[in-house]
Amino acid sequence: AKSAGRGVHAVYSPGTVDSASATQNPLRAELKKAVERSELALHYQPIVDLREGRVSSFEALMRWKHPSRGMIPPSEFIPIAEETRLIVPMGTWALKQACTDAKDWPDSTKVAVNLSAVQIECCDMFEIVTEALHETGLEPERLQLEITETVLMRDQARTQEVLRKLHDLGVLITLDDFGSCFATLNYLRSFPFRKIKIDRSFVRDIPEHHDCVAIVKSVADLARELNMRSVAEGVETAASLLAVRNAGYTEAQGFYFSPPVRASGIKRAVKQCALRLAALDTAIAEDK
Ligand code: C2E
Ligand code: MG
Ligand code: MG
Ligand code: MG
């Protein structure tokens with residue numbers, strides 16, 4: 001736990017990954033080893049700025065390369081990591097790795113890192129982020145942190161203070177998976193968000209479903225009225241890209257542009273995004 005750095009108040013103890021729980025879920029006991037054996041990796045998915053017409057950032061997405069089971073998706077291991085609090089050292093590692101990788105990217109491309117509620121609860125995230133930026137030399141303006149609605153539900157006062165301090169440092173805070181949880185309009189006022197990322201469940205069904213179009217459009221309007229940026233996540237087709245662009249989203253992310261790729265595949269992903277943007281321009285011209 002020491003290696004996770006200063007600012008870590010409460011971390012997992014060896015007893016939390018016990019044999020009884022291991023029988024419930026074999027991945028539970030293996031995750032601790034995975035951290036020690038460096039089986040974790042970060043993949044990066046481009047987020048495209050639709051106004052500037054270029055890749056503005058990459059979202060860092062954790063991957064577990066299990067020696068025998070192959071690639072395990074975060075939906076399976078992040079919940080375990082949170083239960084066992086292994087997310088604390090894992091999250092600190094991801095933050096530092098992401099800052100290190102982003103340091104090499106051209107054109108001041110930014111990096112977005114996901115934060116778990118457990119990290120905010122257990123650690124001094126301000127100190128951990130400051131340390132990661134200091135160690136890697138990445139400017140705070142090039143780091144974005146993605147927080148889901150569940151984070152906000154836990155300890156509001158603490159979360160508010162931490163996010164405010166990070167915001168004041170120049171780090172951009174994004175509200176992730178907006179709309180997936182419950183009515184959180186109030187949170188938009190109480191926390192220093194500068195960007196809203198609409199949940200991909202809404203984006204997936206446009207342009208076919210009228211209701212989704214209405215929701216997707218009103219979230220973009222809301223963001224604009226609040227002077228925030230907006231990201232449509234889960235853009236899988238040319239048609240949905242055109243729809244979110246017409247709805248007024250400032251940014252888009254999804255398999256249509258690129259899936260998450262390993263750090264060495266960043267350049268290719270940027271080229272692929274440029275092709276998709278050119279196709280979008282053609283579609284817009286034809287639309288008129
Ligand atoms: P998220 O932060 O909302 O990340 C976006 C997820 O949507 C990623 O799934 C990404 O691969 C997927 N995605 C992007 N575009 C498309 C698309 O066009 N279609 C579809 N069907 N999916 C798309 P992934 O990588 O499996 O991650 C799932 C979740 O796991 C993330 O959701 C995030 O909540 C969590 N996660 C991933 N990495 C980390 C991490 O380093 N720390 C923490 N705390 N959570 C993480
Ligand atoms: Mg995210
Ligand atoms: Mg999301
Ligand atoms: Mg998500």
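**Exercise 1. An aromatic pair**

Is Trp-105 buried or exposed? Find out, then work out what its ring does in this predicted model.

*Solution.*

Step 1. Start with accessibility. Trp-105 has a relative accessible area of 9%. Buried means under 20%, so Trp-105 is buried.

Step 2. Look for a partner ring. The structure holds five aromatic pairs. In one of them, Tyr-44 and Trp-105 meet edge-to-face, with 5.1 Å centre to centre and 90° between the planes.

Step 3. Place both residues in the fold. Tyr-44 belongs to strand β1 (residues 40-49), while Trp-105 sits in the loop between α4 and β4, so the pair ties together parts that are 61 residues apart in sequence.

Step 4. Check the partner and its neighbours. Tyr-44 is buried too, at 0% relative accessibility. One aromatic cluster is formed by Tyr-44, Phe-58 and Trp-105.

**Exercise 2. Two magnesium ions**

Identify the protein donors of the magnesium ion (ligand 2) and of the magnesium ion (ligand 3), and find the residue that bridges them.

*Solution.*

Step 1. Take ligand 2. Glu-59 (OE), Asn-114 (OD1), Glu-146 (OE) and Asp-176 (OD) are the protein donors of this magnesium ion, lying 2.0 to 2.3 Å from it. Along the sequence, these donor residues have the spacing E-x54-N-x31-E-x29-D.

Step 2. See where two of these donors come from. Asn-114 is part of strand β4 (residues 110-115) and Glu-146 is part of strand β5 (residues 143-148), so the pair ties together parts that are 32 residues apart in sequence. Glu-146 is buried, with a relative accessible area of 2%, whereas Asn-114 is partly exposed at 31%.

Step 3. Now take ligand 3. This magnesium ion is coordinated at 2.1 to 2.7 Å by Asp-176 (OD), Asp-177 (OD), and Glu-233 (OE), with Glu-233 (OE) listed twice. The spacing of the donors along the chain is D-D-x55-E.

Step 4. Compare the two donor lists. Asp-176 bridges the magnesium ion (ligand 2) and the magnesium ion (ligand 3), which lie 4.0 Å apart.

Step 5. Finish with the two aspartates. Asp-176 counts as buried, at 5% relative accessibility. Asp-177, at 22%, counts as partly exposed.

**Exercise 3. Helix α12 and the core**

Which residues of helix α12 are buried, and what covers them?

*Solution.*

Step 1. Walk along the helix. Helix α12 covers residues 238-247, and its buried residues are Ser-240, Leu-241, Leu-242, Val-244 and Ala-247.

Step 2. Recall some helix geometry. With 3.6 residues a turn, an α-helix has residues three or four places apart pointing the same way.

Step 3. List the cover. The elements over the buried residues of α12 include the helices α10 (200-204), α11 (210-225) and α13 (266-287), together with the strands β8 (229-233) and β9 (251-253).

Step 4. Zoom in on one side chain. Leaving out residues up to four places away in sequence, Val-244 touches Val-203, Ile-206, Val-216, Ala-232, Val-235, Tyr-249 and Ala-252.

Step 5. Put Val-244 into the wider picture. The largest nonpolar core has 85 residues, and Leu-143, Leu-145 and Val-244 have the most contacts inside it. The greatest contribution to this core comes from helix α4 (residues 87-103), which gives eight residues.

Step 6. See what comes next in the chain. Gly-248 follows α12 and has a positive phi, near 100°.

**Exercise 4. Val-261 and its neighbours**

Where does Val-261 lie, and which residues does Val-261 touch?

*Solution.*

Step 1. Locate the residue. Val-261 is in strand β10 (residues 261-262). At 18% relative accessibility, Val-261 counts as buried.

Step 2. List the contacts. Not counting residues up to four places away in sequence, Val-261 touches His-43, Tyr-44, Ile-266 and Ala-269. Tyr-44 is the residue in Exercise 1 that pairs with Trp-105.

Step 3. Add a distance across the fold. Val-261 and Ile-47 are 214 residues apart along the chain, and their C-alpha atoms are separated by 12 Å.

**Exercise 5. The whole chain**

How many helices and strands does the chain have?

*Solution.*

Step 1. Count the elements. There are 13 helices and ten strands.

Step 2. Judge the packing. The radius of gyration is 19 Å, close to the 19 Å that the globule rule gives for 288 residues, so the chain is as compact as a globular protein of that length.

Step 3. Consider burial and surface. Of the 288 residues, 50% count as buried. The chain exposes about 13600 Å², of which carbon and sulfur atoms supply 51%.

Step 4. Turn to contacts. Among those between residues at least 6 apart in sequence, 68% join residues at least 24 apart.

Technical notes:
Residues numbered from 1 in each chain as written. Chains lettered and ligands numbered in written order. Predicted model: local features only at pLDDT ≥ 70, side-chain atom pairs only at ≥ 80, totals over all residues. Heavy atoms only, no water. Donors = N, O, S within 2.8 Å, 3.2 Å for Na, K, Ca; no water. Buried < 20%, exposed > 50% of the residue type's maximum accessible area, 1.4 Å probe, protein only. Helix = DSSP H or I, 4+ residues; strand = E, 2+ residues; numbered from the N terminus. Contact = heavy atoms within 4.5 Å. Core = buried A, V, L, I, M, F, W, Y, C linked by side-chain atoms within 4.5 Å. Rg over C-alpha atoms; globule rule 2.2 N^0.38 Å. Areas by Shrake-Rupley, 256 points an atom, 1.4 Å probe, with all protein chains shown as cover. Phe/Tyr/Trp six-rings, centres within 6.5 Å; stacked < 30°, edge-to-face > 60°.
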